[in-house]
Amino acid sequence: MNASLPKVVITDFINDSLAIEKKVLDGIATVEAFDAFNEQSLHGQIESARAVMLYHNLSLSEATISRLTNCDLIVRCGVGFDNVDHRYARQRGIPVANVPDYGTEEVADSAIGMALSLTRGIHFYNQRMRSQPDPWMYNVSQPLYRHRGRVFGIVGLGRIGTATARRALAMGMKVRFYDPLKPDGYDKANGVERVESLQELMKESFILSMHCPLNEDSQHLINSETLKWLPRGSYLVNTARGDVVDTTAIPEALASGQLAGAAIDVLAEEPPRENHPLLAAWRDPEHPAFERLIINPHSAFYCEEGLQDMRRKGAEACRRALTGERLRNVIN
Ligand code: NAI
């Protein structure tokens with residue numbers, strides 16, 4: 001390790017030889033990884049870092065950012081940046097960048113895959129056949145409906161929302177979206193239809209797929225009241241952020257038949273506590289959630305190539321900061 005070179009710190013998630021980051025930063029910086037699960041454990045370790053790479057196992061709050069004495073960049077190695085106090089970082093003059101594109105296609109594939117597992121009865125049949133193999137008949141999962149012509153509703157037509165829209169269009173669905181921040185014209189470019197309110201979107205959606213970031217406006221967008229706007233027997237997919245959906249409303253919506261199925265890749269608290277009400281219903285063979293709810297461990301982004309892209313692109317962002325190149329993907 002060359003002590004005269006600036007130091008790049010990887011706070012969490014990565015705990016191997018760092019070959020990917022070292023290759024990108026060769027001769028420019030040393031790289032150290034802490035594999036931490038809380039920011040307190042970083043104190044005393046990262047103060048002199050010239051760039052910080054942050055994943056998702058912890059948050060960087062004002063308390064930690066205020067200790068950075070000479071930092072040129074914080075990279076959130078991922079898309080969502082709700083776990084870094086980017087406003088405070090801006091006050092301190094520290095740019096925060098994300099890595100927006102390492103898993104766009106995978107999350108879209110997962111959202112569609114989860115939706116199809118529900119709407120085609122794949123998950124239900126598999127669960128039912130294992131626990132009650134008789135009868136060997138299609139109609140244990142009635143009713144299932146044709147996709148063509150039904151509405152696929154998207155909340156947040158960004159990168160992932162658009163990639164998901166393209167896949168839903170290929171299934172013959174009518175794609176509508178609600179995204180108050182999107183300039184006009186994306187609907188025309190993508191062959192989808194814009195609606196002006198969440199209620200308008202939900203009232204016709206056969207499948208509702210969440211693709212907005214978590215922010216002040218999106219927390220609990222989907223809750224026990226707004227779920228009533230969906231047509232009875234519709235489907236909810238959340239691959240965005242856990243707190244965009246109030247998951248306490250899901251067991252009841254499944255039990256009443258308001259939702260025919262739900263798929264949840266993200267939870268407000270990850271990993272969830274043992275007695276989480278959603279998991280309790282999902283584990284209970286007597287609850288409809290047992291056969292109608294899919295839970296995945298925030299894995300929609302994952303594929304081997306994407307993981308490597310995320311690391312390489314995060315390190316490239318640090319390289320740009322340390323060599324004075326123009327920064328990309330700055331979010332603050
Ligand atoms: P993006 O920034 O390209 O798109 C987000 C879209 O949401 C934007 O068009 C924005 O205008 C819109 N939006 C913001 N606030 C909204 C609101 N209140 N209501 C409706 N729309 C709103 O981001 P991208 O790449 O499409 O990612 C979307 C989200 O997916 C990320 O913020 C992240 O939280 C989540 N994600 C989840 C992953 C997983 O593994 N489950 C992996 C990657 C991202």
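Select Ala-89 to start: this residue is buried, with a relative accessible area of 0%. Here buried means under 20% relative accessible area, exposed means over 50%, and partly exposed lies in between, with a 1.4 Å probe and protein chains only. Ala-89 belongs to helix H3. Helices (H or I, at least four residues) and strands (E, at least two) are DSSP runs, numbered from the N terminus.

Before moving on, note that this is a predicted model, in which local features need pLDDT of at least 70 and side-chain atom pairs count only at pLDDT 80 or more, while totals for chains, interfaces and linings use all residues. Residues are numbered from 1 along each chain as its sequence is written, and side-chain values use heavy atoms, with hydrogens and water left out.

**Around helix H3**

Keep Ala-89 selected and add Glu-62: the two are 27 residues apart in sequence, and their C-alpha atoms are 7.6 Å apart in space. Next, pick Asn-83, in the loop between strand E4 (73–76) and helix H3 (86–91). Asn-83 counts as buried because its relative accessible area is 11%. Show its side chain and look for two partners. One is the backbone oxygen of Tyr-55, which the side chain of Asn-83 reaches at 3.0 Å. The other is the side chain of Arg-76, in a polar contact at 3.4 Å. A polar contact is a pair of N or O atoms within 3.5 Å; within protein, one must be able to donate a hydrogen and the other to accept it, and residues adjacent in sequence count only if both atoms are side-chain atoms.

**Along helix H4**

Now select residues 104–119, which form helix H4. How far apart are its end C-alpha atoms? They are 23 Å apart, which agrees with the 22 Å that 16 residues should span at 1.5 Å a residue. The expected span is 1.5 Å times one less than the number of residues in the helix. Colour the buried residues of H4, among them Val-107, Ala-111, Ile-112, Met-114 and Leu-118. Glu-106 and the two threonines Thr-104 and Thr-119 are also on the buried list. Just past the helix, click on Gly-121, which follows H4 and has a positive phi near 75 degrees.

**The ligand**

Centre the view on the ligand, which sits in the largest pocket. A pocket is found on a 1 Å grid over the protein atoms alone, as an open set of points with protein on both sides within 12 Å along at least five of seven lines. A molecule sits in one if more than half of its atoms lie within 2 Å of its grid points. Which residues are closest to the ligand? They are Arg-159, Ile-160, Asp-179, Thr-239 and Asp-265, out of 28 that surround it. For that count, a residue needs one of its heavy atoms within 4 Å of the molecule.

Three distances are worth drawing:

- Asp-179: an N or O atom in its side chain is 2.6 Å from an oxygen atom of the ligand.
- Ile-160: a backbone N or O atom lies 2.8 Å from an oxygen atom of the ligand.
- Arg-241: a polar side-chain atom lies 3.2 Å from an oxygen atom of the ligand.

Taken alone, the ligand exposes 860 Å², and the protein buries 91% of that. These accessible areas come from the Shrake-Rupley method with a 1.4 Å probe.

**Backbone stops**

Most residues other than glycine have a negative phi, and most peptide bonds are trans. With that in mind, visit the loop between helix H5 (122–131) and strand E6 (151–155), where Pro-135 is found. The peptide bond from Asp-134 to Pro-135 is cis, with omega near 0 degrees. Pro-143 lies in the loop between H5 and E6 too, and a cis peptide bond joins Gln-142 to Pro-143, with omega about -10 degrees.

Then jump to Phe-13, in the loop between strand E1 (7–10) and helix H1 (19–24). Phe-13 is not a glycine, yet its phi is positive, about 75 degrees. Its relative accessibility is 27%, so Phe-13 counts as partly exposed. His-298 sits in the loop between strand E12 (293–295) and helix H12 (304–323). Phi of His-298 is also positive, near 50 degrees. With a relative accessible area of 22%, His-298 is partly exposed.

**Two leucines to finish**

Is Leu-181 buried or exposed? At 74% relative accessibility, Leu-181 counts as exposed; look for it in the loop between strand E7 (174–178) and helix H7 (186–190). Leu-198, in helix H8 (residues 198–202), counts as buried at 9%.

Note on methods: On a 1 Å grid over the protein atoms alone, a cavity is a set of points where a 1.4 Å probe fits but cannot get out, and a pocket is an open set with protein on both sides within 12 Å along at least five of seven lines; lining residues have an atom within 4 Å of a point.
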